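Dear colleague,

I am passing a structure on to you, and since you have not worked with it before, I have written out below what was found in it. Please have the sequence and the model open beside this message as you read.

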Amino acid sequence: MTININSILRTKSLNGVKDVCTSVHYSCTLTKTVGKYDDLKNYTSQSNHSLGLGIPDDSFIEYEKLTEENVKKWIEDSLGQDGLDKIKRELETMIEHQIDPPTAEGLPW
């Protein structure tokens, strides 16, 4: 599963601190390849999420010094392993439904 940071919302000043990140919008993506040779197919599922951030504390990182790794760590720490596993299972289910849809549509004639 891949976490992609889509945007960071920040306020220009909060409690005397400049450029404070208040939320992160991110997506989780999972890709699965099935089949062999000429029958090889790639399936992808994606879900979008937001993470609200608290008031700056001692671990505050200035906006200009943020890295993608810092922000991904915030997300991973917030979700914990159980949350990450839950999202991954949901994405796997979405892919399984692409491979073998649980419903069908049409007319019998």
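**The helix and what covers it**

The buried residues of helix α1 are Val-71, Ile-75, Gly-83, Leu-84, Ile-87, Leu-91 and Ile-95. Please keep in mind throughout that this is a predicted model. The cover over these buried residues of α1 includes the strands β1, β2 and β3, the last of which comprises residues 41-52.

Helix α1 itself takes in residues 68-99, and although a straight helix of 32 residues would span 46 Å, the end C-alpha atoms of α1 are only 32 Å apart. When you follow the helix along, look at Gly-80, where α1 bends by about 100°.

**The strands**

Strand β1, residues 2-14, pairs with β2 in the antiparallel sense, and eleven bridges are found between them. Within this pairing Asn-4 stands opposite Ser-27 of β2, while Arg-10 has Cys-21 of β2 as its bridge partner. The two strands form a hairpin that leaves two residues between them, and in its turn Asn-15 has a positive phi of about 55°.

On to the next pair: β2 and β3 also run antiparallel, and they are joined by twelve bridges. Here Cys-28 stands opposite Ser-47 in β3. The hairpin formed by β2 and β3 has six residues between its strands, and Gly-35 in that turn has a positive phi of about 95°.

One residue of β2 deserves a separate look, namely Thr-29, which belongs to the strand running over residues 17-34. Thr-29 has a relative accessible area of 15% and is therefore buried. What is Thr-29 in contact with, once its neighbours within four places in sequence are left aside? The contacts are Met-1, Thr-2, Asn-4, Thr-44, Ser-45, Gln-46 and Leu-91. Of these, Leu-91 is also one of the buried residues of α1.

**The cysteines**

How many disulfides does the model contain? The count comes to zero. Cys-21 is in no disulfide, and the nearest cysteine sulfur, which belongs to Cys-28, is 18 Å away. Seen from the other side, the sulfur of Cys-28 has its closest cysteine sulfur in Cys-21, and because the two are 18 Å apart, they are too far from each other for a bond; a disulfide would need the sulfur atoms to be within 2.5 Å. Both residues are nevertheless buried, Cys-21 with a relative accessible area of 8% and Cys-28 at 0% relative accessibility.

**The salt bridges**

Side chains of opposite charge can pair when their charged atoms come close. A search of the whole structure finds four salt bridges, and I describe some of them here.

Asp-19 forms a salt bridge with Arg-10, and the closest N and O atoms of the two are 3.2 Å apart. Asp-19 is partly exposed, with a relative accessible area of 23%, and Arg-10, at 36% relative accessibility, also counts as partly exposed.

In α1, the side chains of Lys-72 and Glu-68 meet in a salt bridge, at 3.4 Å from N to O. Why do Lys-72 and Glu-68 lie about one helical turn apart? They are four residues apart in helix α1, and that places about one helical turn between them. Lys-72 is partly exposed, with a relative accessible area of 24%, and Glu-68 is partly exposed as well, with 43%.

Asp-77 forms a salt bridge with Lys-73, the closest N and O atoms being 3.0 Å apart. Asp-77 and Lys-73 are likewise four residues apart in helix α1, so about one helical turn separates them. Asp-77 is exposed, with a relative accessible area of 51%, whereas Lys-73, at 46% relative accessibility, counts as partly exposed.

**The loop before the helix**

Finally, please look at Glu-62, which lies in the loop between β3 and α1. Glu-62 counts as partly exposed, at 45% relative accessibility. Although Glu-62 and Val-17 are 45 residues apart along the chain, their C-alpha atoms are separated by 9.1 Å.

With best wishes

Key:
Residues are numbered from 1 along each chain as its sequence is written. This is a predicted model: local features need pLDDT of at least 70, side-chain atom pairs count only at pLDDT 80 or more; totals for chains, interfaces and linings use all residues. Side-chain values use heavy atoms; hydrogens and water are left out. Buried means under 20% relative accessible area, exposed over 50%, partly exposed in between (1.4 Å probe, protein chains only). Contact means heavy atoms within 4.5 Å. Two strands pair if DSSP finds at least two bridges between them. The expected span of a helix is 1.5 Å times one less than its number of residues. The bend at a residue is the angle between axes fitted to the seven residues ending there and the seven starting there.
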